[in-house]
Amino acid sequence: MPRLIALLFLLTPAALPAVDKTATIGLNVEVLPACQAGSISGSGVSFGTLDFGTHLRIDNLLTRVGQPGAGALRVNCQQNIPYRVLINAGHSGTTNNRQMVGPTSAVLTYNLYTGADYATIWDNSTGVSAIGNGQDQWLPIYARVPAQSAPPPGSYSDTLTVTVSW
């Protein structure tokens, strides 16, 4: 019988020590900003160009309303995120009297407004405020060039900085 017990111990596998293996796992997440604005182009973020067209004279009021890709401002903020859009003064240095510059530094006066009633100038302090809905929100710019004395012929332009804050 003792031989049988000894034989059983020999046939029973010895307790093996536990083996631990470790490895790593990579984790990644990208958190997007709460808001996006404009469209991305090769030169950065843009809202397009608000074009008043070609005219022989500026003896009548010119009005334009920005459209998607042509002067309207695209803002896309997450649901319930408040945001504000400001537009600086451009060349003139004052939002009350914006100016496009043309040949020989001649200027054409114009301005931008927040609504179709042209009552409130779109400035760089109050601007336009809204609440994000998770979708593209297009904010039209209402623009006017008042009747002016005959400017020198040529192209007139201004470049404005749009700031979206949330």
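This passage describes the strands, the salt bridges and the aromatic contacts of a predicted model.

The chain contains one helix and 12 strands. Along the sequence, the helix comes at the start of the pattern and is followed by the strands, giving α-β-β-β-β-β-β-β-β-β-β-β-β. Of the 166 residues of the chain, 28% count as buried. Among the contacts in the chain with a separation of 6 or more, 73% are accounted for by residues 24 or more positions apart.

One open sheet is formed by four strands, placed in the order β4-β11-β8-β7, and their pairing is antiparallel. The edges of this sheet are taken by β4 (62-65) and β7 (98-101); each has a single partner strand, so one side of each is left without a neighbour in the sheet. On average, and with direction ignored, neighbouring strands of the sheet are turned by 30 degrees against each other. Within the sheet, β8 and β11 run antiparallel and are joined by three bridges. At this pairing, Leu-112 stands opposite Ala-143 in β11.

A further set of pairings involves strand β5. Antiparallel to β5 runs strand β1 (residues 35-37), and three bridges join the two. Here Ala-37 stands opposite Val-75 in β5. Strand β5 is also joined to β10 by three bridges, and these two strands likewise run antiparallel. In β10, Trp-138 is the bridge partner of Arg-74.

The burial of β5 was then considered. This strand is mostly covered, with five of its five residues buried. In a regular strand, the side chains alternate between the two faces of the sheet. In β5 both faces are covered: Leu-73, Val-75 and Cys-77 are buried on one side, and Arg-74 and Asn-76 are buried on the other. Arg-74 has a relative accessibility of 14%. This residue counts as buried because its value is under 20%.

Arg-74 also takes part in a contact between charged side chains. The model holds two salt bridges. In one of them, the side chains of Arg-74 and Asp-136 meet, with a distance of 2.9 Å from N to O. Arg-74 lies in strand β5 (residues 73-77), whereas Asp-136 lies in the loop between β9 (128-131) and β10 (137-139), so the pair ties together parts that are 62 residues apart in sequence. The partners fall into separate accessibility classes: Arg-74 counts as buried, whereas Asp-136, at 39% relative accessibility, counts as partly exposed.

Another salt bridge is formed by Asp-59 and Arg-57, whose closest N and O atoms are 2.9 Å apart. In this pair, Asp-59 is partly exposed, with a relative accessible area of 42%. Its partner Arg-57 is exposed, with a relative accessible area of 55%. Arg-57 is assigned to the exposed class because its value is over 50%.

Aromatic side chains provide another group of contacts. A pair of aromatic rings is described by the distance of the centres and the angle of the planes. The structure holds two aromatic pairs. Tyr-113 and Tyr-118 form an edge-to-face pair, with 5.4 Å from centre to centre and 70 degrees between the planes. Both Tyr-113 and Tyr-118 are buried. Tyr-118 also pairs with Tyr-142, again edge-to-face, at 6.0 Å from centre to centre and with 85 degrees between the planes. This pair links distant parts of the chain: Tyr-118 is in the loop between β8 (107-113) and β9, and Tyr-142 is in strand β11 (residues 142-145), 24 residues apart.

The accessibility values give further detail on these rings. Tyr-118 has a relative accessible area of 14% and is buried. Tyr-142, at 17% relative accessibility, also counts as buried. Through the ring pairs, Tyr-113, Tyr-118 and Tyr-142 are linked into a cluster. A charged group is placed at this cluster as well: the charged end of Arg-144 sits over the ring of Tyr-118, 3.9 Å from the ring centre. Tyr-118 therefore takes part in both aromatic pairs and also has the charged end of Arg-144 over its ring.

Definitions and conventions:
Residues are numbered from 1 along each chain as its sequence is written. This is a predicted model: local features need pLDDT of at least 70, side-chain atom pairs count only at pLDDT 80 or more; totals for chains, interfaces and linings use all residues. Side-chain values use heavy atoms; hydrogens and water are left out. A salt bridge is a side-chain nitrogen of Lys or Arg within 4 Å of a carboxyl oxygen of Asp or Glu. Buried means under 20% relative accessible area, exposed over 50%, partly exposed in between (1.4 Å probe, protein chains only). Rings of Phe, Tyr and Trp (its six-membered ring) pair if their centres lie within 6.5 Å; planes under 30 degrees apart count as stacked, over 60 as edge-to-face and the rest as tilted. A charge sits over a ring if NZ of Lys or CZ of Arg is within 6 Å of the ring centre and within 35 degrees of the ring normal. Two strands pair if DSSP finds at least two bridges between them. Axes are lines fitted to C-alpha atoms, for helices over the stretch in contact, and angles run from 0 to 180 degrees between N-to-C directions. Contact means heavy atoms within 4.5 Å.
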